[in-house]
Amino acid sequence: QVQLVEAGGGLVQPGGSLTLSCAASGSTFLFYAFGWFRQAPGKEREFIASINWSGSETSYADSVKGRFTLSIDNAKNTVYLQMSSLKPEDTAVYYCAGGSATMTKPPYWGQGTQVTVSS
């Protein structure tokens with residue numbers, strides 16, 4: 001099986017930065033890429049970014065492009081989501097996922113971490 005554990009959420013002021021991490025363990029060969037999704041209150045979960053194990057393929061939603069950056073540390077089986085220029089509308093629970101390159105219905109999910117952008 002696969003376990004994904006997120007960390008790094010918290011409260012940050014608008015315009016600030018925050019880095020989330022997602023550590024994978026178990027049968028990590030079962031998935032091709034890491035994805036990040038978020039869900040704000042009253043809204044559907046949305047895809048925001050993905051990266052494959054080699055780091056050669058990344059994808060970002062338009063809403064975060066240019067502000068969020070993914071990186072991966074293969075030695076630690078950990079992916080990092082660096083978020084900058086944060087806006088109140090970035091407030092959500094952020095979830096790490098493991099799945100295919102397209103991140104269509106990824107089978108593996110972390111428990112989520114809350115990010116709140118507020119003054």
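T78 is buried in this predicted model, because its relative accessibility of 7% falls under the 20% cut-off. The residue lies in strand β8. Its side chain reaches the backbone oxygen of K76, at 2.8 Å. Beyond its sequence neighbours up to four places away, T78 touches S21, C22 and A23. It also touches S71, I72 and D73 under that same restriction.

One of these partners, C22, belongs to a disulfide. The cysteine pairs with C96, and the two sulfur atoms are 2.0 Å apart. The bond joins distant parts of the chain. C22 sits in strand β3, residues 18-26, whereas C96 sits in strand β9, residues 92-99. The two cysteines are 74 residues apart. A search of the whole structure finds one disulfide. The torsion about its S-S bond is about -75 degrees, so the disulfide of C22 and C96 is left-handed. Both ends are hidden from solvent: C22 counts as buried at 0% relative accessibility, and C96 is buried with a relative accessible area of 0%.

The largest nonpolar core was examined next. This core holds 30 residues. Those that touch the most other members are L4, F34, W36, L81, M83 and Y94. Many strands contribute. At least two core residues come from each of β1 (2-7), β3, β4 (33-39) and β5 (46-52). The same holds for β7 (68-73), β8 (78-83), β9 and β11. The most comes from β3, which gives four residues. Strand β3 is also where C22 of the disulfide is found, and β8 is the strand that holds T78.

V115 was considered last. The residue is placed in strand β11, residues 113-117. V115 is buried, because its relative accessible area is 0%. Leaving aside neighbours within four places in sequence, V115 is in contact with G9, G10, L18 and L20. Its other contacts on that basis are M83, D90, T91, A92 and Y94. Two of these, M83 and Y94, are among the core residues that touch the most other members. M103 stands apart from V115 in space. The two residues are 12 residues apart in sequence, and their C-alpha atoms are 22 Å apart.

Note on methods
Residues numbered from 1 in each chain as written. Predicted model: local features only at pLDDT ≥ 70, side-chain atom pairs only at ≥ 80, totals over all residues. Heavy atoms only, no water. Disulfide = S-S within 2.5 Å. Buried < 20%, exposed > 50% of the residue type's maximum accessible area, 1.4 Å probe, protein only. Contact = heavy atoms within 4.5 Å. Core = buried A, V, L, I, M, F, W, Y, C linked by side-chain atoms within 4.5 Å. Polar contact = N/O pair within 3.5 Å; in protein donor to acceptor, adjacent residues only side chain to side chain.
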